[in-house]
Amino acid sequence: LITPMKRSHLAVGKVIGSSVTALLSGLSSFVGVMLSLPKLMGEEIVEGASYGATDYLLILAVMLSAVLLFVSIISVLSALASSVKEASTMLLPVMILVMGVGVSGMFTGSLPTTPALYLIPIYGSVAALSSIFSYAVEPLSILLAVLSSLVSAVGLTVLLARMFASERVMFRR
């Protein structure tokens with residue numbers, strides 16, 4: 001905070017640094033999913049029901065946009081927290097929400113998939129992945145989910161930059 005630079009640049013640098021690491025982790029997860037899908041399907045592959053390059057690219061786009069959203073959420077919450085313990089406590093409801101949305105498709109059979117629901121950032125990513133995995137790809141819905149996550153990530157990054165510019169937020173005890 002004592003370097004001759006804008007605090008907003010510091011906030012954006014923090015998000016970019018965290019995003020690079022998280023994107024590499026997301027890319028690693030994508031490679032794992034890509035390599036395991038054929039084995040997971042095994043003998044259940046129906047004629048013409050295998051994943052193609054387009055499906056894999058859509059999975060990658062959804063995963064990476066969701067990763068950027070999660071990095072932004074975590075960055076904002078960590079800026080609000082005054083300690084690591086407090087940040088962990090603040091992240092718990094977010095983790096429960098993400099797990100609840102992710103598991104909800106298993107209990108209900110399928111997630112509601114009207115295009116407007118794909119605009120809900122976390123839900124849209126889960127619904128998009130669910131539709132890809134069930135061979136029910138709707139390009140508009142996938143695009144809405146990815147754009148929603150990206151716009152939310154940018155909005156949260158702007159919020160973080162404003163938080164860093166606030167003396168009250170940065171120097172509170």
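This is a short tour of a predicted model, with a suggestion at each stop for what to select next.

**The whole chain**

Start with everything shown as a cartoon. You should find 6 helices and 0 strands, and read from the N terminus the elements go α-α-α-α-α-α. The chain has 173 residues, and 33% of them count as buried. Its accessible surface comes to about 10400 Å², with 72% of that belonging to carbon and sulfur atoms. If you like contact maps, here is a number to go with yours: among contacts between residues at least 6 apart in sequence, 72% join residues at least 24 apart.

**Helix H1, inside and outside**

Now select residues 7–41, which make up helix H1. Pick out Ser 19 within that helix. Is Ser 19 buried or exposed? With a relative accessible area of 8%, Ser 19 falls under the 20% cut-off, so it is buried. Leaving aside residues up to four places away in sequence, Ser 19 touches Leu 68 and Val 71.

Next, select Val 12, Ile 16, Val 20, Leu 24 and Leu 27, and switch on a surface: together they make a nonpolar surface patch of about 420 Å². Zoom in on Leu 27, which also sits in helix H1. Leu 27 counts as partly exposed because its relative accessible area is 37%.

**The largest core**

Hide the surface and go for the interior. The largest nonpolar core has 18 residues, and you can get your bearings by selecting those with the most contacts inside it: Phe 30, Tyr 56, Ile 59, Val 62, Tyr 118, Ala 128 and Ile 142. Colour by helix and you'll see who contributes: H1, H2 (53–80), H4 (121–133) and H5 (139–165) each supply at least two residues of this core. H2 gives the largest share, 5 residues.

For a closer look, centre on Ile 142. Which residues does Ile 142 touch, not counting those up to four places away in sequence? They are Leu 58, Val 62, Ala 128, Ser 131, Ile 132 and Val 137.

Apart from that core lies another one, of 11 residues; Val 67, Leu 160, Met 163 and Phe 164 are among them. As background to both stops, nonpolar side chains in soluble globular proteins tend to be buried together.

**Along helix H4**

Isolate H4 next. This helix has 13 residues and reaches 19 Å from first C-alpha to last, close to the 18 Å expected at 1.5 Å a residue. Show its side chains and highlight the buried ones: Ile 122, Tyr 123, Gly 124, Ser 125, Ala 127, Ala 128, Ser 131 and Ile 132.

Keep Tyr 123 selected and add Gly 100, which belongs to helix H3 (residues 84–108). A distance label between their C-alpha atoms should read 9.8 Å, for a pair 23 residues apart along the chain. Gly 100 has a relative accessible area of 41%, so it counts as partly exposed.

**Last stop: Tyr 135**

Finish just after H4, at Tyr 135. What is there to see in its backbone phi? Phi of Tyr 135 is near 60°, a positive value in a residue other than glycine. Tyr 135 lies in the loop between H4 and H5, and it is partly exposed, with a relative accessible area of 36%.

Technical notes. Residues numbered from 1 in each chain as written. Predicted model: local features only at pLDDT ≥ 70, side-chain atom pairs only at ≥ 80, totals over all residues. Heavy atoms only, no water. Helix = DSSP H or I, 4+ residues; strand = E, 2+ residues; numbered from the N terminus. Buried < 20%, exposed > 50% of the residue type's maximum accessible area, 1.4 Å probe, protein only. Contact = heavy atoms within 4.5 Å. Core = buried A, V, L, I, M, F, W, Y, C linked by side-chain atoms within 4.5 Å. Patch = residues over 30% accessible without salt bridge, like charges linked within 9 Å, V, L, I, M, F, W, Y side chains within 5 Å. Areas by Shrake-Rupley, 256 points an atom, 1.4 Å probe, with all protein chains shown as cover. Salt bridge = Lys/Arg side-chain N within 4 Å of Asp/Glu carboxyl O. Expected span 1.5 Å × (residues − 1).
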